[in-house]
Amino acid sequence: MEQILLKGLEGGKTWRLADYVKRDGYAALKKIFAEKMTPEQVIDEVKKSALRGRGGAGFPTGLKWSFMPRNYEGDKYLVCNSDEGEPGTFKDRDILYHNPHQLIEGMIIAAYAMGIKTGYNYIHGEIFEVYERVDEALEEARAAGFLGENILGSGFSFQLHNHMGYGAYICGEETALLESIEGKKGQPRFKPPFPASFGLYGKPTTINNTETFASVPWIILHGGEKYLELGRPNNGGTKLFSVSGHVNRPGNYEVPLGTPFAKLLELAGGMRGGRKLKACIPGGSSMPVLPGEVMMELDMDYDSIAKAGSYLGSGAVIIMDDTVCMVNALRRLSYFYYEESCGQCTPCREGTGWLYRVVDRIENGKGRNEDLDLLLNMTDNIQGRTICALGDAAAMPVRSFVKHFRDEFQYHIDHQKCIVSS
Amino acid sequence: MLEIEIDGKTVSVPAGSTVMDAANRLGIYVPHFCYHKKLSIAANCRMCLVEVEKAPKPLPACATPAANGMKVRTHSDPAVAAQKAVMEFLLINHPLDCPICDQGGECQLQDLSVGYGGGDSRYGEEKRVVPNKNLGALISTDMTRCIHCTRCVRFGQEIAGVMELGMAGRGEHSEIMPFVSKTVDSELSGNMIDLCPVGALTSKPFRYKARGWELSRRKMVSPHCGLGSNLTVQIKNNKVLRVLPFENEEINECWLSDKDRFSYEGLNSPDRLEKPMIKQGGEWREVEWKVALEYVARGLKDISSSHGASAIGALATPHSTLEELHLLQKLMRGIGSENIDFRLRRSDFREAPKLPWLGMKISEIASLDRVLVVGSMLNQDHPLIANRIRQAAKSGLEVNTVNPTSDNFRIKVANRAVVSPSEMAGTLEAILNALSGKGKGEARDIAQSLKSGKSVAILLGNLAEQHPEAARLHYLASRIAEKLGAKFGFLGEAANSVGGHLVKAIPGQGGMNAAEMIENPRKGYLLWNAEVELDMANSGAALAAMERAEMVVAFSPFRHRAYEYADVMLPIAPFTETSGTFVNTEGRVQSFRGAVAPRGETRPGWKVLRVLGNLLDVAGFDYEDSDSVMKEIGISGFASCDNGMQNEPAALPIIDGLQRVGYVPIHFADGIARRAEALQKTALSSVPCAFMNAALMKKLGIGEGEPVLLRQNGGEARINAALDNGLADNCVRVASGHPLTASLGAMFGPISVERL
Amino acid sequence: MLGSESLKKIDKEVAKYPPDQKQSAVMAALRIAQEEKGWLSPETMGFVADYLDMEPIAVFEVASFYNMYNLEPVGKYKITLCTNLPCALSGANDVASYLKEKLGIGFNETTADGKITLKEGECFGSCGYAPVFLLNNRKMCGSLSFAEVDRILAELE
């Protein structure tokens, strides 16, 4: 199977510039300069690849890049979203730790394509060792002339800095992340205006996920069409899936988009203790949960998962076996959104706490008959009514857990105890 | 222009408008909390969610840009469903304690919950409780009621120019709070109370005094600074219990300074003089008005016959009404004295401006792109004009200042020349010269800034007016303006700084001005609202002059220090108890009616003067009402003013040693504010200090907070030293208008400082 | 107020951003200050505010928003254990009980000797290594078994 992001990585010892160069590192950048590819050609290549944003929303990357105002006078910014904190997701961390230069190269290419001189890489606060390593990689890249003034004599200049988060899931939301870089609370902005016109410091800004940027060098080197062929139409390339929970070998698996879920589960060593797959969240905790039997029939690409009523999201696959109490699982997730709501807008600030408290009550044997309808109605009132998607993210688990496992919730309410453990 | 349809009605709005703007234009009310026309858009309350055709979800009207052909429904089922859902969320953690909430009856949340709230709650969990905060003497908090709209936070950041409140924490635990135990100290803080849509921030002085619906309302005009803010004065049982802004976009917009808002407490002060009093044999006794006025008339006639009418002088504050100032000058001239003045804090009368005013409309400040402010504690002296400059500075107005201090007024200042008072004229000269190419330093920078502007103004502040070289500063500033083709004006100090000139409450031929009346003590003084030790340029000398006089008649709403030096005290009405007129700094004539009946035996000033005029046999004092006084004055609308002057006043010698920088702290500028209890407890009313920069303190061997002895013209004051590194060298900044410094001399000029 | 080493680090952070955007360095400045002082006292936050030309409340907003800042003193070692779903599926709750019992404290408490503070954390983005805890905001310890917890605790001085 072709690997793009994790190719040739050996136990975390091959992250340095010299190792990366051996893996064709910075060859794409050199190609651009050598062949005098224009920014438009670079964007076209990315468009051809059908690369879709790997942060969760799946927006076509080439299209996003083309939104940046071309002839804007003044500063423009490039921002990498490495604020990975969606439960289940740990792919960017591995790219940053094991293959930092691929991200750096991807960002330089993106900056070139959009005429940007300054970039920031916003790294999740809890992964300090990763942050330090990327800092070192940046130093290497600067020393080798890949970053800074007049890169490789091309006349193109680009500065890239790391910015460290410090414990706020919401900063994974791109406008919250921009606020955070500006030295403020990470509270999402109302859109429009979108970052492409009013981004960091009010300037045009493009934000992409780590994995997205890291996929770019390969696309440039081998061509967008070749990348597309790796996956499926409209679902180009390979994707990193972070598999966690009840599997024998949790970890990141890079497979072509469209790989059957069963295959992915097999790669991850199968179910821990050979137990039955009860449920799976296929795209990170914010995406709807699907019953195990549904999952086993699905292929891992954006469109297939969407058809089944969930989303591929960040590609975080949380595996739950038949020992899991779905009420308790939802209680923990709802607590997360309650805890991580930024507090800015009413439905989320007030609603996430309410959701959590009701689920918590049900879990603790104090559920009321009207609670399940109340929960669903609350999610109606939160979803689509908030400034950012955190409201939706808090609502979707509740809806899907109750939808697919309503009996289990009802049992908790009726018997004040759990059906799984009894 | 864009065409947009809301609830079936079509309207055209300029590009960049929001759906809310368009709805406002159509007069369609969209429920909201966080939206406020003067603040940035937060879109956080979500109450204004509306249905937009083709949008997959409801959108906030406040933040959604209007687009051509857009169809919006604000009251359709989906819109109302969204609005009701938001209301439910807002109420789940709200205490619903309306019966004990001061906001009850005038609460946006209460009002909207009637339309959008449920009859009972589906929320069966524990409610949030949020600790209250001590924000100072003016704002009371009940933070559990807060709905996190952040209007107060945005007000601080965007209007007041200082972020004193923030929303700390996150999620459900977010709390509006100051940093640690700080209070909210800006001179505009009270506006946060108006902005708060719930009972989280309420007025501390008004707390539990009355319900909104029990209050009757009168539109009035503020008697304090030269802006002439429009007020809604609220009354219960013939007592002013609250003052709120009366929105007037051309004057105060929807704001008030704290002084405008809270000084009403001074009207209800225990210091109020309630009966006429006469001092006989060293004893004060209350008398009937008739007795008192006959006593005054007799006394004035006696002085006049034995020393001549010019032995009598009248000093009125510029906070007096136009009618009062007119009748007072008419009375004085009627008895044959030209000794009348209302420019009590002025000291340089060599060339007085003819009719000083702002030189433009207040609203024109917004369109300036360059301004030079000379001698002003801008935000303290003119809180809302400062705000207009602050807002304009955000969109390109370059602010330049010449001041002895570096106070930034919480405005982005492009260039500042910080020089001692006696060097200020020299600095203006340097700027004037630099306009023709020569120059260096700040003078050059300021000149360059001014020259590069298209819409420029030169403004003189209170300090420039009170300055010993006021006339020269005026002359030079007007020359700069002339050269630039710029607007030129004065930031009027008080409510009738323009009006007093209009009615000629200034000495005519052979008359004495305010300073001369003090330098050459008179036998008799009529003090109109004036507390000479606090209201005059040279407080020490003024006190001495009063003590030497044969008869001092103090007309005042307050039993002030005249108790020591006056012979007669006559209770005249403060602005709320009389009809009257103020002419603001842009020349706008604003009349008002009294809001409450005069307290005790207090009488409206114009009536007192009418009787006195008749008792003194002065012709033309038979007015039926205050309207007939105004008719005689004969101005309305906008008065025509004139900032011109004739000759160039000579330069005064530079002072070598220490100089006093006098200034009137915001809440000490007039008698009413001085007696407003809550205002006097604010940080802006703190005990005066002798401010010096570090170099001067070092030179004098004085440490921060140490007591010092100040001497000036034989007067002394003992206060503590404090550090102000923004002060020009050799300057000692000492407040005037304050009892602790009243025995000192002039606001400017030499001063000595000793360590105690 | 802060040592010269810390100030040097803060200056380096400030240099990453445009000259008129010093505030961008506030998160880093607070982190660096916390690393020096152990926690963010009001005085420390006030100092950072001055240093970056910010209003103190704006600094406090940031300090109170991001949950890795210590607004109260903590032990010499702060252990933040993730208990979110993927970690919980891999035994985080058992590790939590084990830590609580072994240290004799609950979440948000500090051992009597002031050595260790235990905190409950949200997702660190390291679910593949679950269960995980973070030591002093810096060192990620993963695949925690009781034996591994014992080993790590034994190494703490």
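The side chains of Arg332(A) and Glu122(C) meet in a salt bridge, with 3.2 Å from N to O; the term stands for a side-chain nitrogen of Lys or Arg within 4 Å of a carboxyl oxygen of Asp or Glu. Keep in mind that this is a predicted model, where local features need pLDDT of at least 70 and side-chain atom pairs count only at pLDDT 80 or more, while totals for chains, interfaces and linings use all residues. Residues are numbered from 1 along each chain as its sequence is written, chains are lettered from A and ligands numbered from 1 in the order in which they are written, and side-chain values use heavy atoms, leaving out hydrogens and water.

## Where chain A meets chain C

Across this interface the rule finds three salt bridges. It also finds 22 residue pairs in polar contact, both residues being at pLDDT 80 or more. A polar contact is a pair of N or O atoms within 3.5 Å; within protein, one must be able to donate a hydrogen and the other to accept it, and residues adjacent in sequence count only if both atoms are side-chain atoms.

Which element gives the largest share of the side of chain A that touches chain C? That is α14(A), with seven residues. Other elements giving two or more residues include α7 (128–143) and β3 (159–164) of chain A. Helices (H or I, at least four residues) and strands (E, at least two) are DSSP runs, numbered from the N terminus. By class, this side of chain A has 26 nonpolar, 17 polar and 14 charged residues. Here Ala, Val, Leu, Ile, Met, Phe, Trp, Tyr, Cys and Pro count as nonpolar, Asp, Glu, Lys and Arg as charged, and the others, Gly among them, as polar.

The contact (heavy atoms within 4.5 Å) takes 57 residues from chain A and 41 residues from chain C. Together the two chains bury about 4,000 Å², 55% of it on carbon and sulfur atoms; buried area is the accessible area (1.4 Å probe) that two parts lose on being put together, summed over both. Glu126(A), Tyr166(A) and Arg332(A) supply 21% of the area that chain A buries against chain C, more than any other three residues.

## A sheet and a hairpin in chain B

Chain B has an open, mixed sheet of five strands in the order β2-β1-β5-β3-β4. Its edge strands, β2 (9–13) and β4 (59–60), each pair on one side only. Strands pair if DSSP finds at least two bridges between them. Within this sheet, β3(B) and β5(B) are antiparallel over two bridges, and Glu51(B) has Arg73(B) as its bridge partner. Helix α2 (residues 77–92) of chain B packs on the sheet, touching β3 and β5 of chain B, and its direction makes about 160 degrees with that of β3(B). For such angles, axes are lines fitted to C-alpha atoms, for helices over the stretch in contact, and values run from 0 to 180 degrees between N-to-C directions.

Further along, four bridges join the antiparallel strands β25 (residues 580–583) and β26 (residues 589–592) of chain B. Val583(B) is the bridge partner of Val589(B).

## Backbone details worth a look

| Site | Backbone value | Place |
|---|---|---|
| Lys191(A) to Pro192(A) | cis, omega near 0 degrees | Pro192(A): loop between α8 and β4 (205–209) of chain A |
| Ala130(C) to Pro131(C) | cis, omega near -10 degrees | Pro131(C): loop between β3 (116–121) and β4 (133–135) of chain C |
| Ala50(A) | positive phi of about 55 degrees | loop between α3 (39–49) and α4 (61–66) of chain A |
| Gly587(B) | positive phi near 85 degrees | hairpin of β25(B) and β26(B) |
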